[in-house]
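Here's a walk through one protein model, taken a piece at a time. Keep the structure open beside you as you read.

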Amino acid sequence: MYLRPPSASEEARINDWIKVRQSGIKYYLSLGDQRIVDKNYIIRPRAEFEVGRMTLGGLLALGYTVVVSYKRASTSVIDGNLSVSLETIDTLGETYLVLRGTSRKIVGTESSRMGITGPWITKSYLEMILERQGVPRLNTPPLLSSVTPVTTQERLIAAPKPLRIAPNLVTRFEDLPQPWTRSPTKSKMEPVMATWHFIPPNPLLSDGYVTGPPSSRDNLQLAPMPDSYDLDRGLLLAVQAIQALLENKGLPVVVGIGGPSGSGKTSLARKMANIVGCEVISLESYYKPEQTKDFKYDDFSSLDLDLLSKNIDDIRNCRRTKVPVFDLETGARSGFKELEVSEDCGVVIFEGIYALHPDIRRRLDLWIAVVGGVHSHLISRVQRDKSRAGCFVSQNEIMMTVFPIFQQHIEPHLVEAHLKIRNDFDPVLSPESSLFVLKSNKQVAYQDILKILDSSKICSSVQNFIDIYLRLSGIPANGQLTEGDCIRVRICEGRFALLIREPIREGNFIIQPKVDFDISISTVAGLLNLGYQAVAYIEASACIYQDGKILIEIDHLQDVSSPYLQIKGVNKETVVAAGSTLKLDGSYTTKSYLEIILERLPAAERSSNGIHSQQAARLQELVEYIQSQGSSSASESSPSREASPLEGVIEEMQSRIKRLERWQAINTVLWTFLMSAFLGYSLYQRKRQ
């Protein structure tokens with residue numbers, strides 16, 4: 001049923017109505033008929049919550065009236081993330097086939113497999129009822145079901161009255177005093193349904209960019225939204241903006257999503273692609289290989305701007321173009337892929353930290369800025385560590401020190417965005433990003449690992465990395481070095497990544513959020529300048545085997561004789577079953593690698609920081625190199641700088657990593673050959689017997 005507020009006018013404003021859905025003895029409430037229509041798809045937000053009958057009675061007592069009601073009988077079959085339902089609406093007297101799913105591609109593929117080609121209906125049940133029976137006027141009773149009652153003994157269930165009703169009811173919600181535990185009044189909240197408007201292009205913002213003779217596309221430009229929005233509402237507005245651009249300007253629509261690293265740009269782009277069905281291109285594909293070797297992943301000069309501009313111009317003019325594919329492991333382009341604008345691919349999204357740079361955004365139709373996420377989590381972590389150390393540091397000071405390039409060269413461009421989104425979601429605290437991990441140092445044969453993985457989906461890789469633990473001086477340590485007091489930075493394949501791992505230990509399990517995001521060398525140097533000290537250093541190589549459901553990682557630590565095996569997955573039962581199949585029960589440990597190394601290290605061989613004295617010298621050289629390179633990256637120095645003599649340290653480490661990779665590859669080939677020979681010989685002997 002749909003409830004109309006007491007202050008409603010005669011005009012039909014469906015989005016101001018309140019929808020109440022009854023299922024059994026439960027009631028669910030949502031606002032209006034919120035949905036997005038894209039081609040044949042209806043995209044609905046999951047925005048309903050369970051309420052009690054007292055809430056419904058309170059709404060009716062406040063003056064809300066039932067304007068439309070209908071009964072829906074549904075028979076559903078659910079297969080994974082897809083459900084197929086036959087729904088009968090009594091007021092309409094018709095039955096509809098409905099396919100629902102969280103993935104646009106799965107729904108489309110299943111409909112094609114079932115041989116259903118349409119015609120599809122994109123109207124809601126409410127719209128179809130209103131078209132047939134009209135919008136009830138304020139003095140009109142609610143629409144009744146067209147089905148006659150089966151028995152005369154049925155009675156209408158009256159809505160319960162609230163426990164207490166004040167005699168002097170206020171007529172406006174704004175007049176009610178609101179404590180801090182309540183939501184702000186509607187006048188102070190974000191609008192329920194903001195609308196996009198078009199304005200004439202501003203010559204001052206075009207930066208002299210001309211694509212050719214003026215066309216109808218160039219005569220319209222989106223007016224920026226005045227407010228910022230949360231991630232869910234921003235996603236809705238972004239899709240609506242794309243629809244408005246398609247209706248008013250036609251194909252293609254080129255979108256740019258910019259913001260700091262770890263703010264949620266990629267996640268937003270993927271959600272938009274799932275709804276709209278478009279192509280997502282990361283600006284990381286345009287890195288120059290010679291720049292990535294210098295750890296300049298956040299320098300605008302690292303982008304191949306000429307190739308990027310050519311690709312965008314080709315897309316805008318509906319020409320076929322070749323987009324580069326960048327391999328992050330090798331730091332070089334692995335090839336190109338062709339992209340052509342069509343009805344199925346009429347929207348292209350470019351996402352990256354510099355997507356809203358003036359040299360890029362002037363070629364785009366929609367500018368979206370995203371801030372927050374893991375980026376804000378690191379700032380909060382630094383403030384927390386500073387507070388524990390007994391000093392206060394402002395957020396602006398942290399930004400200037402840790403993210404100098406963002407504040408100087410990225411943040412000023414975000415304020416020009418058509419849509420500003422603040423990602424208040426903290427993935428570190430979200431159970432959705434958590435992994436269940438079982439760790440053991442028991443030896444397991446290679447063929448046993450392959451048995452528990454899906455042979456059709458298995459893939460393997462080798463990673464060699466260096467972990468540096470940074471700890472703020474002045475934090476009370478009680479004489480012990482713990483991983484919780486440190487920020488871990490991983491150097492892998494020439495890239496720096498911040499590993500935010502705040503594990504929860506539950507029995508044999510390590511439950512950890514897997515939140516890693518790339519940072520620049522200037523960010524690491526900024527942490528060192530804020531007073532963080534490198535207190536630990538781990539060098540290791542990892543052999544990774546995965547099939548999409550489970551990941552098995554074999555870690556060879558430099559200072560530990562026996563390797564450790566980790567089983568990781570999002571499903572706890574699957575991880576337990578894999579460990580039992582490998583016969584690892586009783587051998588699990590929940591200690592971190594830092595704890596394991598410190599426990600095995602004799603006290604006489606430790607330095608003042610708690611690490612091996614032989615490693616302390618290499619760690620100090622690496623820290624000095626980071627500080628020198630970080631300061632040069634943050635400053636506006638000439639690109640033709642002289643190479644630092646400390647670059648030999650990094651080159652020597654990279655050569656050692658390559659030797660480890662070759663050794664691991666040879667070891668894998670030998671193991672495969674020996675096991676194949678052994679199995680062949682066993683089968684031969686069995687056949688002879």
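The largest cavity is lined by I468, L470, V489, F496, V524, L528, V623 and I626. A cavity here is a set of points on a 1 Å grid over the protein atoms alone, where a 1.4 Å probe fits but cannot get out, and a lining residue has an atom within 4 Å of a point. The space inside comes to about 40 Å³, counted as the space filled by probe spheres set on the points, with points joined across faces, edges and corners. With a threshold of 30 Å³ or more, the count is one cavity. The lining splits into eight nonpolar residues, no polar and no charged ones. Nonpolar covers Ala, Val, Leu, Ile, Met, Phe, Trp, Tyr, Cys and Pro, charged covers Asp, Glu, Lys and Arg, and the others, Gly among them, are polar. At least two lining residues each come from β22 (459-472), α13 (521-529) and α16 (613-634). Helices (H or I, at least four residues) and strands (E, at least two) are DSSP runs, numbered from the N terminus.

A word on the source: this is a predicted model, where local features need pLDDT of at least 70 and side-chain atom pairs count only at pLDDT 80 or more, while totals for chains, interfaces and linings use all residues. Residues are numbered from 1 along each chain as its sequence is written, and side-chain values use heavy atoms, with hydrogens and water left out.

Now the whole protein. It has 17 helices and 30 strands. Of its 689 residues, 44% count as buried, where buried means under 20% relative accessible area, exposed over 50% and partly exposed in between (1.4 Å probe, protein chains only). Taking contacts between residues at least 6 apart in sequence, 68% join residues at least 24 apart; a contact means heavy atoms within 4.5 Å.

On to the N-terminal strands. Strand β1 (residues 2-4) runs antiparallel to β2 (residues 18-23), joined by two bridges, and two bridges is also the least that DSSP must find for strands to pair. On its other pairing, β2 meets β3 (residues 26-31) over six bridges, again antiparallel. K19 takes part in both: Y2 stands opposite K19, and in β3 its bridge partner is S30. Two residues separate β2 from β3 in a hairpin, and G24 in that turn has a positive phi of about 70 degrees.

Next comes an open sheet of three antiparallel strands, ordered β8-β9-β10. β8 (72-79) and β10 (94-101) are the edge strands with a single partner each, so one side of each has no neighbour in the sheet. From one strand to the next the twist averages 15 degrees; axes are lines fitted to C-alpha atoms, for helices over the stretch in contact, and angles run from 0 to 180 degrees between N-to-C directions. Eight bridges hold β8 to β9 (residues 82-89), with V77 opposite V84. Helix α3 packs on this sheet, touching β8, β9 and β10, at about 155 degrees to β10. Helix α2 lies across β9 and β10, at about 130 degrees to β10.

Where does S124 sit? It lies in the loop between α2 (104-113) and α3 (125-133). Leaving out residues up to four places away in sequence, S124 touches D33, R35 and R44. S124 counts as buried because its relative accessibility is 4%.

Further along, β20 (residues 419-423) has two parallel pairings, tabulated here.

| Partner of β20 | Bridges | Example pair |
|---|---|---|
| β13 (residues 228-229) | two, parallel | S228 opposite K420 |
| β19 (residues 366-372) | five, parallel | I368 opposite L419 |

In a regular strand the side chains alternate between the two faces of the sheet. In β20, L419, I421 and N423 point to one face and are buried, while K420 and R422 point to the other and are not.

Finally, some backbone oddities. Most residues other than glycine have a negative phi, and most peptide bonds are trans. The L251 to P252 bond is cis, with omega near -10 degrees, and P252 is in the loop between α4 (231-249) and β14 (253-258). C318, in the loop between α7 (305-316) and β16 (321-327), has a positive phi near 60 degrees and is partly exposed at 42% relative accessible area. K583 also has a positive phi, about 60 degrees, without being a glycine. Its place is in the loop between α14 (572-581) and α15 (593-600), and K583 counts as exposed at 61% relative accessibility.

Definitions and conventions: On a 1 Å grid over the protein atoms alone, a cavity is a set of points where a 1.4 Å probe fits but cannot get out, and a pocket is an open set with protein on both sides within 12 Å along at least five of seven lines; lining residues have an atom within 4 Å of a point.
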